[in-house]
Amino acid sequence: MAITGSGSLAISFSVFVISVAFLQKVDSQNLATDNVSVIEGETATISCRVKNNDDSVIQLLNPNRQTIYFRDVRPLKDSRFQLVNFTDNELWVSLSNVSLSDEGRYVCQLYTDPPQEAYADITVLVPPGSPVIESREDVVSEGNETELTCIAMGSKPAASIRWMKGEEELTGETTAEEMYDRMFTVTSRVRFSVTKEDDGVPVDCIIDHPAAKDLLAQRHLEVLYKPEVKIVVTYPEGLTREGDNLDLTCIAEGKPRPHQIKWLRVDEDVPLHTVVTGSELYIENLNKSYNGTYRCVASNAVGEAYDDYVLYVYDAPTTIPTPTTNPVSTQDPRAGEGTPPKIDHAVIGGVVAVVMFAILCALIVLGRYFARHKGTYFTHEAKGADDAADADTAIINAEGGHNNSDEKKEYYI
């Protein structure tokens, strides 16, 4: 049968229409799934989802393209696969007790013409074992370098390792070695110098892995350091004066504890009657010949250290000390000796006040006396002189007055 040009055109148009209709039908039936990451030994769930299904059959295949589920029927004899949910538009299947052999690409298949497929990759995560910290030495001396090694074995993927010393983050050198079944062993080393402040500080090896949380190993540093020395003046509290007693205490701390503490006088001999008892030095009845630098030296297995005290004896006070009502205990021969005398300002003030009061009273009495006897006084011999006409008459009147001396007398006190 001959086909004309117009007939060929009609057939081609019909095929195009059918193809477009099919493509529209396929596009309207979108098949979707999701990748899954699961920790070894746990359960993974695989989903196949269809939008606008037209009763096409959904099935799930394993990486070997064996049918796990055909609709809601499980042909595969692996009871770890269980049906979670099935409808015309979705298929949900769980896989329990996942192992490394279950890892791979699973296929969601929709029976259309041609069939549609979507792929779900299952990734099995294997957490590392408990990390272990190894040390080059158990004890390290201050100023030296120490090295710590942390190992995280048997993880998938490879773990990452971080270091922390107290609140300080350290930088380590990390290597990862692939073992079997894509398993990894990770090793990290860190080196740093230690100080006495690092003694007892924790060092943490922290493991970061998607299948593990809060996984770490910890080790406390043990650092040996030479002594720290400090001289404390026990007596006197103030200036050291002639006649005082001097009591010094040497405080020394180190790791290990100082096994020896000794006192010396720099460039000179210690005074003969100096008493040294362990960490204490005692000198009584100071004088200026004792001036100098006194040194306490402490040592242990790491080293030695010292502290100095410069003694300068001042002159004794010149004021007379007031007696005290508090007797000094006779049990301690050093107690109360060399104590600078104290001036009782209250007594001095009282004496000054009494003296000033006496002076004031004397001034008042003298003032009143002179005020009382102020004026002009006539003697008995001059009596009548004012009434005389001349000097001779006045003398005669005065002489005659002696006869009347008993009539009036004047007394002076």
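Helices (H or I, at least four residues) and strands (E, at least two) are DSSP runs, numbered from the N terminus. With that in hand, start with the whole protein: 3 helices and 25 strands. This is a predicted model, where local features need pLDDT of at least 70, side-chain atom pairs count only at pLDDT 80 or more, and totals for chains, interfaces and linings use all residues. Residues are numbered from 1 along each chain as its sequence is written, and side-chain values use heavy atoms, with hydrogens and water left out.

**Whole protein.** Show the surface. About 26600 Å² is exposed, and carbon and sulfur atoms supply 54% of that area (Shrake-Rupley method, 1.4 Å probe). Of the 413 residues, 30% count as buried (under 20% relative accessible area, 1.4 Å probe, protein chains only).

**Select Asn53.** Look in the loop between strand 3 (44-50) and strand 4 (58-61). Is Asn53 buried or exposed? Asn53 is buried, at a relative accessible area of 15%. Now add Asp55. Its backbone nitrogen lies 3.4 Å from a polar atom of the Asn53 side chain.

**Select strands 21, 24 and 25.** These 3 strands form an open sheet in the order 21-24-25, with antiparallel pairing (two strands pair if DSSP finds at least two bridges between them). Strand 21 (260-265) and strand 25 (304-311) stand at the edges; each has a single partner strand, so one side of each lacks a neighbour in the sheet. Neighbouring strands here are turned by 20° against each other on average, direction ignored.

**Zoom in on strands 21 and 24.** Strand 24 covers residues 292-299, and 6 bridges join strand 21 to it. Pick Leu264: its bridge partner in strand 24 is Arg295.

Notes: Buried means under 20% relative accessible area, exposed over 50%, partly exposed in between (1.4 Å probe, protein chains only). A polar contact is a pair of N or O atoms within 3.5 Å; within protein, one must be able to donate a hydrogen and the other to accept it, and residues adjacent in sequence count only if both atoms are side-chain atoms. Axes are lines fitted to C-alpha atoms, for helices over the stretch in contact, and angles run from 0 to 180 degrees between N-to-C directions.
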